[in-house]
Structures are given as structure tokens and as C-alpha cells.
Amino acid sequence: METFSPEMMIYLLDMVGIVACAIAGTTLALHRQFDFFGCILVSMVNAIGGGTIRDIMLDRHPLFWMMDLNYVIIITITSLVCQMFFTLYQKINWTLKFFDAIGLAAFSVIGLKVGLLFGTHPLIAIMMAVLTSIAGGIMRDMICHEIPLVLQKEIYISASIAGSLLYLFLGLIGMADNIQDTLALVTIFAIRMLAVRFDWHLPSIRLNFSD
């Protein structure tokens, strides 16, 4: 059985990421009582915003979603299904963070792999991982008048960085690509959800000069 090429793996991860982010975006938009098209817009921004900014910075043209209508179609269908069948309930905050964590994991690995495929330095590739995974969510939260999750005290960017570092380490020791992808995805998702579950926060570095 042939293994997936890096490009195919990126595409599959992209599909997972856009579905998760479309659900998260639509959920927040419904909570904010956005209309039919507003929910689709928010889901689009959330799902493809980070990848778009990444590709512009890497001069990767044409933009992926402009050449493959599957992205727009899948995001739209996902948003419509959510609007028709998803009932808001008291755990909306957890639901949003759950699907957001899936998107964080998928888009972090995608951004890292794209950066490495373009021959960037590993540190730049990690920056691409973070950018891909957070930019769409930031724009989504701004549209919905929410404080972006990434700007709060919660563990978010650090989860992306940890998974990216693990991916690079596994590559250095010769681990297979599919194992790198899987372990990085699981690590990022697990760190993020454990942080949500147990209310983990990064320690403050503020100095206290009071007596």
C-alpha cells in the first residue's frame, strides 16, 4: 500500500481543519445571532483565513481555495448543516473550544509542513504553523466582537509550538511522515483540551517590586 505524498497529507488535513473551523465559526456566529449569510462568512474566515495569510507571506500562488472549489463548498455545506441541526445549549463554550482545538492541531501541522516544503528555516516553519492555526480564529472572534482566544491567558499558541517542535524532532530521528503527523496532531489537541479541562494557564513573568 502506497503512502500518502506530503501534498496529499496536507490536503487531507486541510479538509479536517476546515470542517472543524467551519463548525466552530458557525457555532459562535449562531450564538451571536448572526443571520444565514453571516454564519457562512464567519465560517469562511475562520476556516481559510490563516492559510490565506500564510500563503501570501510565502508567495504561494494561486491561493489554495481559489483553485479548488471543494474548500468553499465544504465550508458552506458544513455551516448550513450546523445552522439547521445544531442546537445551542449551555456548553457552547466547550463545544467551540473542542472544534477550535481540532482546527488548531490540523492547521498547525499543515502550516509547518507547507513552510518546510517551501524550504524555510525550521523557526520560520514554526511561525507558519502558528500563523495558519491562529489567524482565522482571531479574525472570527473580532467579527463576533469576542476577545480572541489567542490573546487570553489560555494555553493556545504554546500547544501549536509544542506539537511543531515534536514534529521536527521526530523528523530528525528518522520517523515516518505519517507517525510525525499523527503524534503532532494528538499532542497539540491533547495539550489544548487538557488546558481547557483543567484551566491551565502560562505563568506570569510580571515582576513584583512591592515590599
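This is a short talk on one predicted model, going through a helix, its ends, some salt bridges, one serine and the nonpolar cores.

I will start with helix α2. It runs over residues 36-57, which is 22 residues. From first C-alpha to last, α2 reaches 32 Å, close to the 32 Å expected at 1.5 Å a residue. Even so, α2 has a kink of about 45 degrees, centred on I48. Is α2 mostly covered or mostly open? Mostly covered: 16 of the 22 residues in α2 are buried.

Now the two ends of α2. At the N-terminal end, D35 acts as a cap, with a side-chain oxygen 3.3 Å from the backbone nitrogen of F37. Before that comes the loop between α1 and α2, where you will find Q33. Q33 is not a glycine, yet its phi is positive, about 65 degrees. Q33 is also exposed, with a relative accessible area of 72%.

At the other end, just after α2, we meet D59. D59 is another residue other than glycine with a positive phi, near 55 degrees. D59 lies in the loop between α2 and α3, and with a relative accessible area of 54% it counts as exposed. That loop also holds P62. The peptide bond from H61 to P62 is cis, with omega near -10 degrees. Why point these out? Because most residues other than glycine have a negative phi, and most peptide bonds are trans.

Next, charged pairs. How many salt bridges are there? The count comes to six. I will take three of them.

One is R32 with E146, where the closest N and O atoms are 2.8 Å apart. R32 is in the loop between α1 and α2, and E146 is in the loop between α6 and α7, so this pair ties together parts that are 114 residues apart in sequence. R32 is partly exposed, at 37% relative accessibility. E146 is partly exposed too, at 28%.

Another is R60 with D55, with the closest N and O atoms 3.2 Å apart. Here the partners sit in unlike settings: R60 is partly exposed at 25% relative accessibility, while D55 is buried at 0%.

The last I will show is K113 with D181, at 3.3 Å from N to O. This pair links distant parts of the chain, with K113 in helix α5 and D181 in helix α8, 68 residues apart. Are these two buried or exposed? Both K113 and D181 are buried. There is also a network: salt bridges that share partners join R54, D55 and R60.

Now one residue in some detail, S133. Please find it in helix α6. S133 counts as buried because its relative accessibility is 6%, and the cut-off for buried is under 20%. Which residues does S133 touch, leaving out those up to four places away in sequence? They are L104, F107, S108, Y156 and S160. With S108 there is a polar contact between the two side chains, at 3.4 Å. A polar atom of the S133 side chain also lies 3.0 Å from the backbone oxygen of A129. As for G17, it is 116 residues from S133 in sequence, but the two C-alpha atoms are 9.2 Å apart in space.

That leaves the nonpolar cores. The largest has 38 residues. Those with the most contacts inside it are I18, A47, I75, I110, L112, Y156 and I188. Which helices supply at least two residues each to this core? They are α1, α2, α4, α5, α6, α7 and α8. Among these, α6 gives the most, with eight residues.

A47 is a useful one to click on. Leaving out residues up to four places away in sequence, A47 touches I18, C21, A22, I75 and F107. Two of those names, I18 and I75, were also on the list of residues with the most contacts inside the core. F107 came up earlier as well, among the residues that S133 touches.

Finally, there is a second, separate core of eight residues, including A24, L28, C39 and L96.

To recap, α2 is mostly covered and has a kink centred on I48. R32 and E146 form a salt bridge, and so do K113 and D181. The largest nonpolar core has 38 residues, with α6 giving the most. That is the end of my part.

Note on methods: Residues numbered from 1 in each chain as written. Predicted model: local features only at pLDDT ≥ 70, side-chain atom pairs only at ≥ 80, totals over all residues. Heavy atoms only, no water. Helix = DSSP H or I, 4+ residues; strand = E, 2+ residues; numbered from the N terminus. Expected span 1.5 Å × (residues − 1). Bend = angle between axes of the 7 residues up to and from the residue. Buried < 20%, exposed > 50% of the residue type's maximum accessible area, 1.4 Å probe, protein only. Polar contact = N/O pair within 3.5 Å; in protein donor to acceptor, adjacent residues only side chain to side chain. Salt bridge = Lys/Arg side-chain N within 4 Å of Asp/Glu carboxyl O. Contact = heavy atoms within 4.5 Å. Core = buried A, V, L, I, M, F, W, Y, C linked by side-chain atoms within 4.5 Å.
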